[in-house]
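Reader: Please show me the model. I will ask short questions about it.

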Amino acid sequence: MTFYVITEGIIAFLLVAGGLFAFTGSLGMLKLKDFFMRLHGPTKGTTLGIGCVLIASMLYFTVTQREFHVQELLITLFLFITAPVTGHMLAKTGLHMHLRFYTGTRGSLPEFRDEDVGQSRVARPARAHHPWRTKAKRSRLKRREIV
Amino acid sequence: MTRLKRYLPTPVLSLVLLVVWLLMVRSLAFGHILLGSFLAVTIPLLTQGFWEPLPRVKHPIKLARFVLVVLWDIIVANLQVSRLILSPSREAHPGFIEYPLALKDRLAITLLANTITMTPGTVSTNIRLDSSSLLIHALDMDDEQALIREIQERYERPLKEIFEC
């Protein structure tokens with residue numbers, strides 16, 4: 001009996017922890033200041049979040065159905081292969097599109113070689129309308145922290 | 001021997017594919033093993049042209065140790081990034097650094113770049129065309145040299161030892 005209580009506790013803990021990590025990863029998208037910083041949220045916060053949820057799922061089904069469930073490991077494997085590649089491609093695209101970055105960033109554009117940033121500006125899609133950022137707020141942000 | 005090599009150029013990859021297939025269908029029925037084996041032989045043959053010649057893993061134990069270190073670092077990375085995101089007062093100091101690569105093999109470089117992206121506060125952004133350096137964006141960087149040294153010690157040296165390149 002106690003075995004079930006303990007496993008249940010572990011599963012619940014993993015689920016909550018996973019949810020929290022995924023949430024912070026997404027919160028980073030909102031809070032961090034430029035594209036390259038926002039990239040850190042989804043490449044890391046979510047991997048551990050999903051990892052926790054998958055371990056919880058593995059435990060739960062292994063215990064309740066009394067047989068090994070390991071196909072969740074496949075999801076982890078695919079995630080670990082794809083997440084960094086996506087992050088890398090996004091970052092590269094960001095460099096090529098000359099996205100603005102936070103003024104505090106060390107290491108600046110002149111240090112980049114042509115091959116890093118692209119020879120000319122790439123056409124940027126029309127600016128998306130941000131639901132919460134009013135015009136005044138945007139200009140304030142622009143003055144204060146973003147080049 | 002040569003014929004076997006011709007039809008089964010990468011035995012390990014084939015084995016991995018078979019295991020992945022069996023895990024996905026969750027069954028050990030004869031039909032699935034047959035289908036899995038068929039896929040495990042055909043997929044490497046079809047994609048052969050795209051593969052770089054793979055370097056041989058010289059030290060499997062070191063590879064296992066490396067994987068464990070990276071898994072641990074992923075947990076630490078998550079905690080660090082979460083703390084940075086959640087604490088309202090703490091200012092992050094992002095930065096770009098140019099990391100000099102000592103690795104020569106392309107697969108090893110790919111592994112290193114992926115590892116860097118998965119671990120504490122760093123995302124690899126660009127491999128320079130001459131593949132001698134890697135452009136990395138760090139979320140919170142105080143000392144550029146210390147960061148470079150840490151990556152060298154923790155990830156690049158083990159990779160170098162694993163593939164001996």
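Reader: Among contacts in chain B between residues at least 6 apart in sequence, what percentage join residues at least 24 apart?
Author: This is a predicted model, where local features need pLDDT of at least 70, side-chain atom pairs count only at pLDDT 80 or more, and totals for chains, interfaces and linings use all residues. Residues are numbered from 1 along each chain as its sequence is written, and chains are lettered from A and ligands numbered from 1 in the order in which they are written. Two residues are in contact if their C-beta atoms, placed from the backbone, lie within 7 Å. Among chain B contacts between residues at least 6 apart in sequence, the share joining residues at least 24 apart is 69%.

Reader: What is the matching share in chain A, for residues 24 or more positions apart?
Author: Chain A has 6 helices and 0 strands. Helices (H or I, at least four residues) and strands (E, at least two) are DSSP runs, numbered from the N terminus. Of the chain A contacts with a separation of 6 or more, residues 24 or more positions apart account for 65%.

Reader: Which pattern does chain B follow along the sequence?
Author: Chain B holds 6 helices and 3 strands. Read along the sequence, the pattern is α-α-α-α-β-α-β-β-α.

Reader: What is the radius of gyration of chain B?
Author: The C-alpha atoms of chain B fill a box of roughly 60 × 35 × 30 Å along the principal axes. The radius of gyration is taken over C-alpha atoms, and the globule rule is 2.2 Å times the number of residues to the power 0.38. For 165 residues that rule gives 15 Å; chain B is well over this, so it is more spread out than a compact globule, with a radius of gyration of 20 Å.

Reader: How much of chain B counts as buried?
Author: A residue is buried if 20 or more other C-beta atoms lie within 10 Å of its own, exposed if 12 or fewer, and partly exposed in between; C-beta atoms are placed from the backbone. In chain A, 22% of the 147 residues count as buried. For the 165 residues of chain B the value is 30%.

Reader: Why is strand β2 of chain B largely enclosed by the rest of the structure?
Author: β2(B) covers residues 122-127. The strand is largely enclosed because its buried residues number 6 of the 6.

Reader: How many bridges join β1(B) to β3(B)?
Author: Two strands pair if DSSP finds at least two bridges between them. β2(B) pairs with β3(B), residues 133-138, in the antiparallel sense over 5 bridges; there, Thr122(B) has Ala138(B) as its bridge partner. On the β1(B) side, Phe96(B) stands opposite His137(B) in β3(B). β1(B) and β3(B) also run antiparallel, and the bridges joining them number 6.

Reader: Which element gives the largest share of the largest nonpolar core?
Author: A nonpolar core is a set of buried Ala, Val, Leu, Ile, Met, Phe, Trp, Tyr and Cys residues joined through C-beta atoms within 7 Å. The largest one has 35 residues, of which Leu112(B), Ile136(B) and Leu159(B) touch the most other members. Elements that give two or more residues include α2 and α4 of chain A and β1, β2 and β3 of chain B. The largest share, 6 residues, comes from α6(B).

Reader: Which element of chain A gives the most to the side that touches chain B?
Author: In all, 32 residues of chain A are in contact with 33 residues of chain B. α1, α2, α3, α4 and α5 of chain A each supply at least two residues of that side. The top contribution is 8 residues, from α4(A).

Reader: Where does UniProt place the feature "transmembrane region" in chain A?
Author: UniProt positions are given in the numbering used here, feature names are shortened, and annotations may be inferred rather than shown by experiment. Residues 73-91 of chain A are 100% helix, with end C-alpha atoms 27 Å apart. Residues 6-30 of chain A are also 100% helix, with end C-alpha atoms 36 Å apart. The unreviewed UniProt entry places the feature at residues 6-30, 42-61 and 73-91.
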